[in-house]
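Have your viewer ready and your selection tool at hand. We will go from stop to stop, picking out a few residues each time and saying what is there.

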Amino acid sequence: MPKTRKEWIITVCALIAVVGLGFAVYAIWFNNKATPPAKTVNHVTTPKPVEAPKKLYSGLMGLEITDSSINDRPITAIMIENSPDARPQSGIDQASIVFEAVAEGGITRFLTLFQENEPTYVGPVRSVRPYYVQWLLGFDAAVAHVGGSGDALRLVKETGAKDLDQFANPAPYHRISSRYAPHNMYTGIPALRDLEAKKGYGKPTYTSLVRKEVGAVSPSPNATSIDLTLSGPLYNAHFDYDASMNAYKRSEGGKPHMVVAEDGKQTQLAPKVVVALVMPKGNDGIYSTYQTIGDGPATIFQGGMAVGATWHKSGNKAQFSFTDSQGKEVKLDPGQTWFTAVGSTGSVTYK
């Protein structure tokens with residue numbers, strides 16, 4: 001035992017140090033025992049499924065596109081002449097839709113509709129008739145023409161059709177020197193687009209034709225040779241189905257129907273779909289007339305097959321639709337579509 005005051009102080013300090021050290025050792029031991037080591041957890045993140053990009057299709061021709069602004073362009077209709085002096089024409093091969101009918105004196109004429117393609121050289125441009133106006137109204141199209149019959153010009157005004165008449169708007173039109181008037185008036189889509197912009201003709205408002213996503217070639221075609229009687233040998237239309245192209249090569253006047261580019265290169269017309277529209281036909285003086293509003297027989301040629309159908313168009317601005325014998329909607333293949341108006345079912349033959 002300590003005897004002096006100094007020894008007592010030293011002893012007490014030593015005891016305090018020992019007790020403190022013991023508490024420290026105990027605290028370390030307790031904490032290590034109370035808190036188990038942290039476990040490593042591997043978090044597995046399930047990736048969200050990537051949605052496939054939504055496919056876009058052109059409203060007029062039904063083809064897949066990557067630029068949605070194509071459908072915002074105006075639809076431009078151009079009247080194209082088809083007398084022998086007008087052949088070969090230019091630009092028809094790039095039209096999305098073509099309507100064919102007799103204008104006067106047995107001479108046929110074409111209404112060509114453009115949106116996806118924008119050729120700079122199209123013609124010869126001629127005058128318009130009422131039934132062409134009724135057809136283009138279903139597409140809310142602006143119409144390029146050089147005058148027209150009195151009934152047609154009145155219908156343009158009465159219906160508020162988007163008018164690009166050359167007589168009132170000469171800037172987008174020009175006459176070429178290699179042909180004589182009236183078979184030498186030409187235009188181009190870019191030039192007409194400028195005029196449309198000035199007139200405020202923008203994105204069209206219309207119902208698209210009902211299309212399939214993809215056209216199919218039939219393994220057992222039933223219509224590879226088609227004849228459509230319009231008036232006579234110079235104007236009756238013939239189509240030969242080419243399975244390798246899944247298209248119908250067009251002829252008239254006993255010859256392939258060719259179009260010529262501005263550089264002189266010629267190409268045979270070959271639409272993907274041909275539709276024969278049977279419409280009551282008559283005459284008003286020198287001009288032909290067609291009953292284009294209502295219903296009537298139609299034969300649709302696509303993929304090597306002929307399908308009997310009924311066409312429907314309820315008004316000037318209504319769109320065509322087609323139903324089969326069971327009343328089921330008939331869809332058209334995507335691609336250039338050629339409509340020909342004939343006066344009777346007997347005017348349509350094929351094999």
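Start by selecting β12 and β13: these strands run antiparallel and are joined by 2 bridges. Strands here are DSSP runs (E, at least two residues) and helices are DSSP runs too (H or I, at least four residues), numbered from the N terminus; two strands pair if DSSP finds at least two bridges between them. Before moving on, note that this is a predicted model, in which local features need pLDDT of at least 70 and side-chain atom pairs count only at pLDDT 80 or more, while totals for chains, interfaces and linings use all residues. Residues are numbered from 1 along each chain as its sequence is written, and side-chain values use heavy atoms, with hydrogens and water left out.

**Stop 1: two hairpins and their sheet**

Within the pair you have selected, Glu 252 stands opposite Lys 255 in β13. The two strands form a hairpin with 2 residues between them, and Gly 253 in the turn has a positive phi of about 65°.

Now add strand β11 (residues 237–242), which pairs with β12 in the antiparallel sense over 6 bridges. Look for Asp 242, opposite Ala 247 in β12. This hairpin has 4 residues between the strands, and Asn 246 takes a positive phi near 50°.

How many residues of strand β12 are buried? Buried means under 20% relative accessible area, exposed over 50%, and partly exposed in between (1.4 Å probe, protein chains only). For β12 (residues 247–252) the count is 5 of 6, so the strand is largely enclosed by the rest of the structure.

Widen the selection to the whole open sheet: its 5 strands have the order β13-β12-β11-β10-β23, with antiparallel pairing. The edge strands are β13 (255–256) and β23 (348–350), each pairing on one side only. At the β23 end, 3 bridges join that strand to β10, and the two run antiparallel. Click Leu 228 to find its bridge partner in β23, Val 348.

**Stop 2: helix α2 and the core**

Keep Leu 228 in mind: along with Trp 135, Leu 277 and Phe 322, it touches the most other members of the largest nonpolar core, which has 78 residues. Such a core is a set of buried Ala, Val, Leu, Ile, Met, Phe, Trp, Tyr and Cys residues joined through side-chain atoms within 4.5 Å.

Centre on Trp 135 next. Leaving out residues up to four places away in sequence, its contacts (heavy atoms within 4.5 Å) are Phe 99, Ala 101, Leu 111, Met 279, Thr 292, Phe 320 and Ala 341. Trp 135 is one of the buried residues of α2, as are Tyr 131 and Leu 137. In that helix 7 of the 8 residues are buried, so α2 is largely enclosed by the rest of the structure.

**Stop 3: a buried arginine**

Select Arg 109, in strand β5. Which side chain of opposite charge is nearest to Arg 109? It is Glu 104, 4.8 Å away, and Arg 109 is buried yet has no salt bridge. In this count Lys and Arg are positive and Asp and Glu negative, with His and the chain ends left out; a salt bridge is a side-chain nitrogen of Lys or Arg within 4 Å of a carboxyl oxygen of Asp or Glu.

Arg 109 does touch several other residues, including Phe 99, Arg 129 and Tyr 132.

**Stop 4: salt bridges**

Glu 104 has a partner of its own: its side chain meets that of Arg 129 in a salt bridge (2.4 Å, N to O). The pair links Arg 129, in the loop between β5 and α2, with Glu 104 in strand β4 (residues 97–104), 25 residues apart. Arg 129 is buried at 3% relative accessible area, while Glu 104 is partly exposed at 24%.

Jump to Asp 333, whose salt bridge with Lys 212 has its closest N and O atoms 3.2 Å apart. Asp 333 lies in the loop between β21 (321–323) and β22 (337–342) and Lys 212 in the loop between α4 (189–199) and β10 (225–228), so the pair ties together parts 121 residues apart in sequence. Asp 333 is buried, with a relative accessible area of 2%; Lys 212 counts as partly exposed at 32%.

Finish with Arg 73, Glu 118, Arg 193 and Glu 196, which are linked in a network of salt bridges. Between Arg 73 and Glu 118 the closest N and O atoms are 3.9 Å apart.
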